[in-house]
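Student: I would like to check the labels on this model one at a time. Where should we start?

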Amino acid sequence: MAHLRRYRREQDIYCQEERSDTWYRVVSGSARKYLMRADGRRQLVDIYLPGDLFGFTSRAHHKFAVQAVADDTLIACYSRLRVEALAEEDPATAREIRMQGFEALERLQEQILVIGTMTAQEKVREFLLYFHDRLSTGNDNGLALPISRYDIADMLGISAETVCRAFTDLRERGVISLQGPRRITIMRRPSD
């Protein structure tokens, strides 16, 4: 039912105001959902990881754009009409679509809490803990961030410099250790 497509880093999977005839699932790699504002600022809305289904909209056109984060990001593309028809006949498919929608809502609710109620330092800490939990495959405290510090800044509504200062502060307090710009180990979870 799906056709697979590879995307290179920063290649658009779909653009703002593009028709919404297709739904997508990340097979490998990652993608970022964003809005480019009229003044040129970019606001990240979500990060899609392997298994995430996206492209849902109630409108005929997408309000947001989605772009591959890494080279060789593999995306499964599904005809929206075909999947909707299958969901009408197959309860398991309908349930999977609902669950993916619920997961997206939960991610956005968590992001609202982080952006709206925390200091810049707390935002970065909670973002790292959230991504660790989302990407964790067991007892490993390591985390390979799928996005850059600039992306983190755009997602949290703060400057890239503030993100870098927060990384340094967390490292100095022994909360994280850094093994490069995107490889982080959570040393301890803060109690506050």
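Tutor: Start with what counts as a strand: a DSSP run of E with at least two residues, numbered from the N terminus. The model is predicted. On that numbering, Asp-72 is in the loop between S7 and S8.

Student: What is the sign of phi at Asp-72?

Tutor: Positive, at about 65 degrees, although Asp-72 is not a glycine. Glu-10 is another residue other than glycine with a positive phi, near 70 degrees. Glu-10 sits in the loop between strand S1 (2–7) and strand S2 (12–14).

Student: Why does Glu-10 count as partly exposed?

Tutor: Its relative accessibility is 43%. Buried requires under 20% and exposed requires over 50%, with partly exposed in between. A value of 43% meets neither limit, so Glu-10 is partly exposed.

Student: What makes Ala-38 exposed, then?

Tutor: Its relative accessible area is 92%. The limit for exposed is 50%, so 92% qualifies Ala-38 as exposed. Ala-38 lies in the loop between strand S4 (31–36) and strand S5 (42–48). As for its distance to Phe-56, the two are 18 residues apart in sequence and 23 Å apart in space, C-alpha to C-alpha.

Student: Why is Ala-60 called partly exposed?

Tutor: Its relative accessible area is 44%. That falls between 20% and 50%, so the label is partly exposed. Ala-60 belongs to the loop between strand S6 (53–54) and strand S7 (65–68).

Student: Which residues is Ala-60 in contact with, leaving aside its neighbours within four places in sequence?

Tutor: Glu-18, Arg-19 and Ser-20. The test for contact is heavy atoms within 4.5 Å. Asp-21 is 39 residues from Ala-60 in sequence, with 7.9 Å from C-alpha to C-alpha.

Student: And Glu-17: which residues does it touch, not counting those up to four places away in sequence?

Tutor: Arg-59, His-61, His-62 and Lys-63. Glu-17 is in the loop between S2 and S3. Its relative accessible area of 48% is not over 50%, so Glu-17 is classed as partly exposed. The C-alpha atoms of Glu-17 and Cys-77 are separated by 18 Å, with their positions 60 residues apart along the chain.

Student: Now the helices. How do you know that the buried residues of H1 lie on the same side?

Tutor: The buried residues in helix H1 (residues 80–89) are Arg-80, Val-83 and Ala-87. They span an arc of only 70 degrees around the axis, so they are on the same side of H1. On the other side, Leu-81, Glu-88 and Glu-89 are exposed. The cover over the buried residues of H1 includes strand S3 (22–28), strand S8 (73–79) and helix H2 (91–117).

Student: What is needed to describe two packed helices?

Tutor: The angle between their axes and the distance between the axes.

Student: Why is H1 called oblique to H2?

Tutor: Their axes come within 5 Å and cross at roughly 120 degrees. That angle makes H1 oblique to H2, as the perpendicular range is 65 to 115 and antiparallel needs over 145. H1 passes H2 in a left-handed crossing. At the contact, Val-83, Leu-86, Ala-87 and Glu-89 of H1 meet Pro-91, Thr-93, Ala-94 and Ile-97 of H2. These residues divide into 6 nonpolar, 1 polar and 1 charged.

Student: What makes H2 and H3 roughly antiparallel?

Tutor: H2 packs against helix H3 (residues 120–135) at an angle of about 160 degrees, and the axes are 9 Å apart. Roughly antiparallel requires over 145 degrees, so the pair qualifies. The crossing of H2 past H3 is right-handed. Arg-107, Glu-110, Val-114 and Ile-115 of H2 meet Lys-123, Glu-126, Tyr-130 and Arg-134 of H3. The residues of this contact divide into 3 nonpolar, no polar and 5 charged.

Student: And why is H4 called roughly perpendicular to H5?

Tutor: Helix H4 (residues 149–156) packs on helix H5 (residues 160–172) at an angle of about 110 degrees, with the axes 8 Å apart. The range for roughly perpendicular is 65 to 115 degrees, so H4 and H5 fall in that class. Arg-149, Tyr-150, Ile-152 and Ala-153 of H4 meet Ala-160, Val-163, Cys-164 and Phe-167 of H5. The division of these residues is 7 nonpolar, no polar and 1 charged.

Technical notes. Residues are numbered from 1 along each chain as its sequence is written. This is a predicted model: local features need pLDDT of at least 70, side-chain atom pairs count only at pLDDT 80 or more; totals for chains, interfaces and linings use all residues. Side-chain values use heavy atoms; hydrogens and water are left out. Helices (H or I, at least four residues) and strands (E, at least two) are DSSP runs, numbered from the N terminus. Buried means under 20% relative accessible area, exposed over 50%, partly exposed in between (1.4 Å probe, protein chains only). The arc is that of the directions from the helix axis to the C-beta atoms. Axes are lines fitted to C-alpha atoms, for helices over the stretch in contact, and angles run from 0 to 180 degrees between N-to-C directions. Angles under 35 degrees count as roughly parallel, over 145 as roughly antiparallel, 65 to 115 as roughly perpendicular and the rest as oblique. A crossing is left-handed if the near helix is turned anticlockwise from the far one by less than a right angle, and right-handed if clockwise. Ala, Val, Leu, Ile, Met, Phe, Trp, Tyr, Cys and Pro count as nonpolar, Asp, Glu, Lys and Arg as charged, and the others, Gly among them, as polar.
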